[in-house]
Amino acid sequence: MRWTMEDSPQQAAFRAEFRSWLREVLQAGWTEAIDAGDEQAFQEGRARAEGQGWNFMSWMRTIGESGYGAPLWPKEYGGLSGEGWMQQIVREELGRYRLPTFGPNILGVGLAGPTIIAHGTEAQKERYLRKILTGEELWCQLFSEPGSGSDLASLSTRAVRDGDEWLINGQKVWTSIAQISTFGLLLARTDPDVPKHEGLTYFILEMASAGVEIRPLRQLTGSAEFNEVYLTDVRVPDERRVGDVGEGWRCARTTLANERDAIAGVSLDPVSLLGGIRKDPWQAFLDGVADRTDPAVRQRLAQLYIENETRQVTVFRAQSARMRGEQPGPEGSVNKVVNAELNQRRTNLGVSAAGMGGVAWLPGDQTAQLRAHAFLRARANTIEGGTSEVLRNQVAERVLGLPRDEDGGKDEPWNRARRN
């Protein structure tokens with residue numbers, strides 16, 4: 001079962017305008033070859049483009065300077081002052097023409113930019129926004145801490161005023177791309193004598209500052225996608241404070257609200273970053289199940305197929321809402337929980353169906369290596385981007401109308417409240 005959405009006249013005009021722009025800025029024949037299904041012509045055209053210096057970083061600068069790189073940003077700051085459906089169409093067309101649907105600066109464009117636009121000074125907007133769009137400066141997010149993940153407002157990293165600077169001490173964790181970022185969005189506690197949400201302040205941290213130590217976190221898969229960041233007597237000029245002192249939680253909520261829009265409908269994989277052909281995930285999974293004649297395996301495959309189709313319906317509902325210019329409802333939280341747990345069941349079946357080949361293989365067997373990597377990587381799906389437990393609470397409260405969990409320390413001064 002598959003569904004399609006028809007463009008309104010306004011959406012069709014915008015799509016045609018964007019395709020015309022793509023034809024102008026890409027290597028001659030790039031879009032025409034894809035439209036004609038001429039794979040050889042496309043590969044030759046892309047090779048010529050790469051020979052002339054085209055790559056995903058140069059592309060980020062090209063689209064960043066056009067307005068299409070951040071259609072939801074105001075025009076005066078480099079965007080299109082657009083609606084959600086514009087971002088959806090841009091991403092669809094980028095995928096169609098095998099271009100990156102986002103760059104390595106997705107946190108800059110999706111989180112830092114909107115937060116600075118909403119709460120930053122004019123000097124901050126002038127200094128940071130253009131280089132966010134062009135990818136000249138990459139950004140990371142310094143929010144979570146070892147004892148403050150789901151309860152972010154309880155964080156303990158301290159910022160103490162020292163003249164025109166702030167002295168920062170603390171530790172952050174699960175920070176993506178910290179090791180290659182120029183700046184980080186930092187939430188720190190400036191007043192421990194007030195309730196936890198009221199004593200926070202928001203800063204822009206230069207990652208090369210003295211006292212910043214970045215340590216990669218090695219995962220089950222052997223890779224290190226995330227980092228822990230230690231901050232020891234790090235000095236941040238007051239001019240890099242975003243919003244008023246004590247207003248950090250308000251700024252952080254803007255960041256977190258935009259996180260949903262930044263990754264909405266995006267598949268976070270190498271094709272999204274580098275461009276290329278995206279193989280159908282379900283077919284790719286089936287190709288990895290060697291023996292599909294076993295009745296028990298076939299039954300589990302059928303169940304997974306049903307669950308996957310149900311998930312696709314939910315994704316389609318969210319996309320339809322965006323195309324109508326509406327904000328999706330609870331579909332985001334529901335789909336995150338379903339997708340994370342479905343992927344764990346799918347990768348578990350992949351390993352089980354492989355028999356002994358799921359746990360031992362000959363050197364160079366890339367299929368087996370990828371299968372094992374997917375199984376191990378899937379363990380993180382129910383934790384990253386919002387734990388399944390927290391998202392279930394959100395669905396319970398906002399959709400089912402169940403009472404909220406009691407937060408006994410919410411109104412107590414932070415330094416007296418019980419913490420993890």
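Q: What makes β2 and β3 a strand pair in this predicted model?
A: Pairing takes at least two bridges. Strand β2 (residues 158–162) and strand β3 (residues 165–172) have 5 bridges, in the antiparallel sense. They therefore count as paired. Arginine 158 stands opposite asparagine 169 in β3. The two strands form a hairpin with 2 residues between them. In the turn, glycine 163 has a positive phi of about 65°.

Q: Why is there no salt bridge at arginine 189?
A: A salt bridge needs a side-chain nitrogen of Lys or Arg within 4 Å of a carboxyl oxygen of Asp or Glu. For arginine 189, the nearest side chain of opposite charge is glutamate 145, 7.7 Å away, so the cut-off is not met. Arginine 189 is nevertheless buried, in strand β4 (residues 183–189).

Q: How do you know that the side chain of arginine 189 has a polar contact with alanine 153?
A: The limit for N or O pairs is 3.5 Å. The side chain of arginine 189 reaches the backbone oxygen of alanine 153 at 2.5 Å, so this pair qualifies. The backbone oxygen of lysine 196 lies 3.1 Å from a polar atom of the same side chain, so this pair qualifies too.

Q: Why is the pair of lysine 125 and glutamate 122 called a salt bridge?
A: Their side chains meet at 3.3 Å, N to O. The cut-off is 4 Å, so the pair qualifies. The two residues are 3 apart in helix α7, about one helical turn.

Q: Is lysine 125 buried or exposed, and what about glutamate 122?
A: Buried means under 20% relative accessible area, and exposed means over 50%. Lysine 125 has 11%, so it is buried. Glutamate 122 has 52%, so it is exposed.

Q: Why is arginine 61 called partly exposed?
A: Its relative accessibility is 36%. That falls between 20% and 50%, so the label is partly exposed. Its salt-bridge partner, glutamate 65 (3.3 Å, N to O), is exposed at 51%.

Q: What makes a set of residues a nonpolar core, and which residues have the most contacts inside the largest one?
A: Members are buried nonpolar residues joined through side-chain atoms within 4.5 Å. The largest such core has 28 residues. Trp73, Ile132, Trp139, Leu187 and Tyr202 have the most contacts inside it. Helix α6 gives the most to this core, with 7 residues. Apart from this core lies another, of 22 residues, among them Trp21, Leu26, Phe42 and Ala49.

Note on methods. Residues are numbered from 1 along each chain as its sequence is written. This is a predicted model: local features need pLDDT of at least 70, side-chain atom pairs count only at pLDDT 80 or more; totals for chains, interfaces and linings use all residues. Side-chain values use heavy atoms; hydrogens and water are left out. Helices (H or I, at least four residues) and strands (E, at least two) are DSSP runs, numbered from the N terminus. Buried means under 20% relative accessible area, exposed over 50%, partly exposed in between (1.4 Å probe, protein chains only). Lys and Arg count as positive and Asp and Glu as negative; His and the chain ends are not counted. A polar contact is a pair of N or O atoms within 3.5 Å; within protein, one must be able to donate a hydrogen and the other to accept it, and residues adjacent in sequence count only if both atoms are side-chain atoms.
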